[in-house]
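Reader: I would like to learn how to read a protein model feature by feature. Could we take one case and work through it slowly?

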Amino acid sequence: MKKDKIIDFIFVFIGVVSFFAIKYSFAIYRTTASTHGDITTATWSVFLDQTGVNDHLSVVADPNGTTASYTLNITSHSEVDVVYSIVLNGLSDDVSVSADNGTTFTKENNGSVTFTDVGTINYVSGGNTVTKTLIFKALSTAEFVTNNPIDIKVIARQAL
């Protein structure tokens with residue numbers, strides 16, 4: 001019985017000593033420092049630059065699959081690489097559009113088409129402009145529509 005009490009005491013003693021020894025041995029890794037300064041964030045500016053671009057497009061419905069193209073000039077003056085998406089709203093029924101050189105046409109969904117992460121604009125001092133061509137195609141059964149405005153938005157985010 002006395003032997004058990006001695007063993008218990010030794011374990012408690014080792015536990016208490018270990019608690020204080022470990023606590024202070026880790027304290028050598030802690031440090032404090034005081035500093036001050038300014039943190040600057042990267043500038044952020046992405047926009048469509050359609051200066052000098054014809055903003056009218058005629059998409060003709062025919063069985064041969066005639067297409068019409070529209071060029072977007074997307075400019076970034078950001079200090080980071082930018083990934084962009086394109087959203088089109090107001091498309092007519094039976095019109096499909098491609099943002100990848102006409103290889104895959106996406107049909108409108110309730111007048112809207114979204115191309116997610118279709119390109120990257122890399123940071124270049126002084127700004128960088130990329131062109132993206134949208135190709136439109138109407139089915140041969142499409143109805144004739146005139147003066148239908150299409151809203152084009154470019155959504156940008158920082159490339160990670």
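Reader: Which residues of the largest nonpolar core touch the most other members?

Author: Please keep in mind throughout that this is a predicted model. The largest nonpolar core holds 21 residues, and within it Leu88, Leu134 and Phe136 touch the most other members. Two or more residues of this core come from each of β2, β3 (82-89), β4 (95-98), β6 (112-121) and β7.

Reader: What is Leu88 in contact with, once its neighbours within four places in sequence are left aside?

Author: Its partners include Leu134 and Phe136, the two residues named beside it as touching the most other core members. Leu88 also contacts Gly111, Ser112, Val113 and Phe115, as well as Ile150, Asp151 and Ile152.

Reader: How should I read the strands, and in what order do they form the open sheet?

Author: Begin with the chain as a whole, which has one helix and eight strands, with the helix preceding the strands along the sequence. Five strands make up an open sheet with antiparallel pairing, and their order is β1-β2-β7-β4-β5. β1 (46-48) and β5 (106-107) stand at the edges with a single partner strand each, and therefore one side of each has no neighbour in the sheet. At the β1 edge, three bridges join β1 to β2 in the antiparallel sense, and Phe47 has Thr75 of β2 as its bridge partner.

Reader: Is Asn73, which is found in strand β2, buried or exposed?

Author: The reading rests on a cut-off, since buried means under 20% relative accessible area. Asn73 has a relative accessible area of 15%, so it counts as buried. Not counting residues up to four places away in sequence, Asn73 touches Phe47, Leu48, Asp49, Gln50 and Val53, and also Thr129, Val130 and Thr131. For the chain as a whole, 24% of the 160 residues count as buried.

Reader: How is empty space found, and which residues lie nearest the centre of the largest pocket?

Author: The general idea is that rolling a probe the size of a water molecule over the atoms shows where empty space is left. Here the largest pocket contains about 850 Å³ of space. Its lining consists of 28 residues, and those nearest its centre are Leu57, Ser58, Val59, Asn148 and Ile150. β2 (67-76) and β7 (128-138) each supply at least two residues of this lining.

Reader: How many residues of that lining are nonpolar, polar and charged?

Author: The lining of the largest pocket divides into 17 nonpolar, seven polar and four charged residues.

Conventions
Residues numbered from 1 in each chain as written. Predicted model: local features only at pLDDT ≥ 70, side-chain atom pairs only at ≥ 80, totals over all residues. Heavy atoms only, no water. 1 Å grid on protein atoms, 1.4 Å probe; cavity = no way out; pocket = protein on both sides within 12 Å on 5 of 7 lines; lining within 4 Å. Points joined across faces, edges and corners; volume = space filled by probe spheres on them. Helix = DSSP H or I, 4+ residues; strand = E, 2+ residues; numbered from the N terminus. Nonpolar A, V, L, I, M, F, W, Y, C, P; charged D, E, K, R; others polar. Core = buried A, V, L, I, M, F, W, Y, C linked by side-chain atoms within 4.5 Å. Buried < 20%, exposed > 50% of the residue type's maximum accessible area, 1.4 Å probe, protein only. Contact = heavy atoms within 4.5 Å. Pairing = 2+ DSSP bridges.
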